[in-house]
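Reader: Please take a close look at the empty spaces in this model, both the enclosed ones and the open ones, and tell me what lines them.

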Amino acid sequence: MIIDVHCHYTTEPAPLHRFRDQQLAGLADPARKPAATSLADLGISDEQIVASVAPQLKFQRERGCDLTVFSPRAAGMAHHIGSEATSVQWTRISNDLIHRLCTLLPDNFAGVGQLPQHPGAPIEHCLPELDRIANELGFVGVNLNPDPSGGRWTGPPLTDRYWYPLYERLVQLELPAMVHVSSSCNPNFHHTMAHYLNADTTAFVQLLQKNLFVDFPTLKFVIPHGGGAVPFHWGRYRGFGVDQQKPELVATLMKNVFFDTCVYHLPGIRLLTEVVPLDNILFASEMIGAVKGIDPDTGHHFDDTKRYIDQIDGLDETSRFKIFEGNARRVYPRLDALLTRRGHINRTPA
């Protein structure tokens, strides 16, 4: 089975965009605030939802992907825009739309939710929605924004006790968190080309500086986009551990931290699989996301990441199974349980 753990809903039906435009316009002029307050008010039909993901379903068939772990558009989370109430309403509607899609196409999609984060707001305010997406919507994971300020980085690092109430609930619910920022208000940092990758690297370094997992030994983070700059500078981070007289610091950290394969060229995937332990790599493509085009050198889409993995000669059958299925089912217990209920036996060695 091939499980893609990182894709966003970037082809949403038009009524969702109209609602968001009205919601944001209403921040400046309350008279323009939308009348809708829930997904049901938007009038999106089941047929519209299924039609909206036709490109994803086509790529699934063509690329041999069995299941896509799907979450709201990352740049669309925009936790820094408007008030906390704005974020709460937008988050609920976005998560409800993911739930409807996963209900309509359960063999193709499993849900991951966003949180109603807001700069400066207590993280405890996110717990009701976290409980809802796990217990009511049946989602298998959550996206966690380490910088809800939108590129200002005004909040505390991921190791700060500010985050502990959220971590405690994630552990209780057996939900892994993908560490994923949203749009950037700083024009110096393009959101997908710089801000995302900077944040991936920053998150890893924050975790490296203080061992959060002493307090949360079963907490799991997925750092997307191949871990940002981390695999390329693996020696730097191992060297930091040696300098701190903790030579196994990186190895210890990797009991709880995982990277995906959203790296869009063969040399990058080869480096990832040579440097990062194979138990820590989860297949992902981010289709249809930051890079949608076709590589003129190969004639294939940049985000067809399975092709790169298929070309790595040093990966045996066991290693490929880990990357394509086994690691995802181990990191996402709720996903494993969902697949088991559907008759997909977990072949991961105990």
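Author:

**Cavities and pockets**

In this predicted model, there are four cavities of 30 Å³ or more. The largest cavity has a volume of about 60 Å³, and its lining is made up of D4, R63, C65, F283, S285, M287, D303, D304, T305 and K306. Sorted by class, that lining holds five charged residues, together with three nonpolar and two polar ones.

The second largest cavity, with a volume of about 50 Å³, is lined by E84, P116, Q117, H118, A121, P122, I123, H125, C126, P148, Y162 and W163. Here the classes come to eight nonpolar, three polar and one charged.

Turning to the open spaces, the largest pocket contains about 420 Å³ of space. A set of 21 residues forms its lining, and those nearest the centre of this pocket are L197, H225, C262, V263 and Y264. Two helices, α8 (191–209) and α11 (266–275), each contribute at least two residues to the lining of the largest pocket, which by class consists of 14 nonpolar, six polar and one charged residue.

The second largest pocket has a volume of about 240 Å³, and of the 18 residues that line it, E12, R20, R73, G76 and W90 lie nearest the centre. At least two lining residues come from each of α1 (14–28), α4 (74–77) and α5 (84–104), with α1 giving the most, namely five residues. The lining of this second largest pocket is divided into 10 nonpolar, four polar and four charged residues.

Helix α5 deserves a closer description, for it is one of the helices that supply the lining of the second largest pocket. The 21 residues of α5, at 1.5 Å a residue, should span 30 Å, and because its end C-alpha atoms are 30 Å apart, the expected span and the model agree. At the N-terminal end of α5, S83 acts as a cap, with a side-chain oxygen 3.3 Å from the backbone nitrogen of A85. The buried residues of this helix are T86, S87, W90, T91, I93, S94, N95, D96, L97, I98, L101 and C102. W90 therefore links two parts of this description, since W90 is a buried residue of α5 and is also among the residues nearest the centre of the second largest pocket.

How values were computed: Residues numbered from 1 in each chain as written. Predicted model: local features only at pLDDT ≥ 70, side-chain atom pairs only at ≥ 80, totals over all residues. Heavy atoms only, no water. 1 Å grid on protein atoms, 1.4 Å probe; cavity = no way out; pocket = protein on both sides within 12 Å on 5 of 7 lines; lining within 4 Å. Points joined across faces, edges and corners; volume = space filled by probe spheres on them. Helix = DSSP H or I, 4+ residues; strand = E, 2+ residues; numbered from the N terminus. Nonpolar A, V, L, I, M, F, W, Y, C, P; charged D, E, K, R; others polar. Expected span 1.5 Å × (residues − 1). Buried < 20%, exposed > 50% of the residue type's maximum accessible area, 1.4 Å probe, protein only. Polar contact = N/O pair within 3.5 Å; in protein donor to acceptor, adjacent residues only side chain to side chain.
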